Amino acid sequence: MNKPSNSKVALVTGASRGIGAAIARRLAKDGFAVAVNYASSPAQADALVAELQAAGGKALAVKADVASAGEVRAMFNAVEAQLGKVDVLVNNAGVLKTVPLAEHTDALYDQTFDINVRGTFNTLREAATRLNEGGRVVNFSSTTLALNMPGYAIYNATKAAVEAFTHVFAKELRGRNITVNAVAPGPIATSLFLDGKTEEQIQTFAKMPPLQRLGQPEDIASVVAFLAGPDAGWVNGQVLRANGGVA
Ligand code: NAP
């Protein structure tokens, strides 16, 4: 808690691990006070907050299932009370299970839409009235939306919804100097991507981009840092496909 009390505040959903944790680290390094949201990994969120604080940053772990409007409202209240009003919202929390549409269950459909779409909706709705003037919103789509691979129908549908939110919300915030953009990563080496895949499948994905490797969480964190920072002030309502050139 050594940062100046006037440091800007970033709220990163799903920041206990994977891409979200890398974003939290990068934004803390860039001087933001960072709220590390998690749903079911308190130990990892607490460890990350301790790490950020040990490095001299201001950070807070905040539990909320983004699919719950009430928990998201309470999360914004807690962040405002302990860190201050939010300047940067990163809607990173998301889930993926690849299942052919014909075999998809109602429960998995609901879970995927509840977290990826309703979760983004819940935070955007709070952000609409609470974000500081000059703020930034970074949503999470996926390059899979451009690849149309079998098994991704429901997940891609959720990310199409997120892209739709991004374009419209950017216009609805007219007059507040707030930008709203989305990042659409290609394959990134996190448990969301790696779990359930054979080594051969992983290597096939790794060879897809002309840069011939899997992305790392830090590759996406640096894109988010750009969109959240002063250099991206004129980028608004866009989807940035950060994928090593895969699509
Ligand atoms: P990950 O490693 O599986 O991490 C997911 C994070 O989301 C975790 O911190 C998890 O926290 C959190 N989360 C899950 N459900 C939540 C909920 N209901 N409320 C709040 N937090 C929740 O995934 P990732 O690869 O970092 O993915 C991050 C984002 O990038 C997702 O939106 C994903 O769709 C997108 N993306 C990923 C890839 C890829 O290849 N990895 C590619 C394109 C797009 P808990 O453990 O605390 O639940």
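**Exercise 1. The ligand and its contacts**

How far does a polar side-chain atom of R17 lie from an oxygen atom of the ligand? Find this distance, then look at the backbone contacts and the surroundings of the ligand.

*Solution.* A word on the ground rules: this is a predicted model, where local features need pLDDT of at least 70 and side-chain atom pairs count only at pLDDT 80 or more, while totals for chains, interfaces and linings use all residues. Residues are numbered from 1 along each chain as its sequence is written, and side-chain values use heavy atoms, leaving out hydrogens and water.

Step 1. The R17 distance is 2.8 Å. A polar contact is a pair of N or O atoms within 3.5 Å; within protein, one must be able to donate a hydrogen and the other to accept it, and residues adjacent in sequence count only if both atoms are side-chain atoms.

Step 2. Turn to the backbone: a polar backbone atom of A39 is 2.9 Å from a ligand oxygen, and one of S40 is 2.8 Å from a ligand oxygen.

Step 3. The ligand alone exposes 890 Å², and the protein buries 95% of that. These areas come from the Shrake-Rupley method with a 1.4 Å probe; for residues, only the protein chains shown count as cover.

Step 4. Around the ligand are 31 residues, the closest being S16, I19, S41, Y155 and T190. To be counted, a residue needs a heavy atom within 4 Å of the ligand.

**Exercise 2. The sheet**

Work out the strand order and find the edges.

*Solution.* Step 1. Helices (H or I, at least four residues) and strands (E, at least two) are DSSP runs, numbered from the N terminus. Two strands pair if DSSP finds at least two bridges between them.

Step 2. Seven strands make an open sheet with parallel pairing, ordered β3-β2-β1-β4-β5-β6-β7. Its edge strands, β3 (59–63) and β7 (239–240), each pair on one side only.

Step 3. Zoom in on β4 (residues 88–91) and β5 (residues 136–140): they run parallel and are joined by four bridges. Here N91 stands opposite N139 in β5.

**Exercise 3. Aromatic rings**

Classify two ring pairs and say whether their members are buried or exposed.

*Solution.* Step 1. Rings of Phe, Tyr and Trp (its six-membered ring) pair if their centres lie within 6.5 Å; planes under 30 degrees apart count as stacked, over 60 as edge-to-face and the rest as tilted. This rule gives three aromatic pairs.

Step 2. Y109 and F113 are stacked, at 4.6 Å centre to centre with 25° between the planes. Both lie in helix α4 (residues 106–130), four residues apart, about one turn of the helix.

Step 3. For Y152 and Y155, the centres are 6.3 Å apart and the planes stand at 65°, so this pair is edge-to-face.

Step 4. Buried means under 20% relative accessible area, exposed over 50%, partly exposed in between (1.4 Å probe, protein chains only). Y152 is buried at 6%, and Y155 is buried at 9%. Y109 is partly exposed at 38%, and F113 is partly exposed at 21%.

**Exercise 4. A buried asparagine**

What does the side chain of N116 reach at 2.9 Å?

*Solution.* Step 1. Place N116 in helix α4; the residue is buried, with a relative accessible area of 1%.

Step 2. Its side chain reaches the backbone nitrogen of V95 at 2.9 Å. The N116 side chain also makes a polar contact with the side chain of T158, at 3.1 Å.
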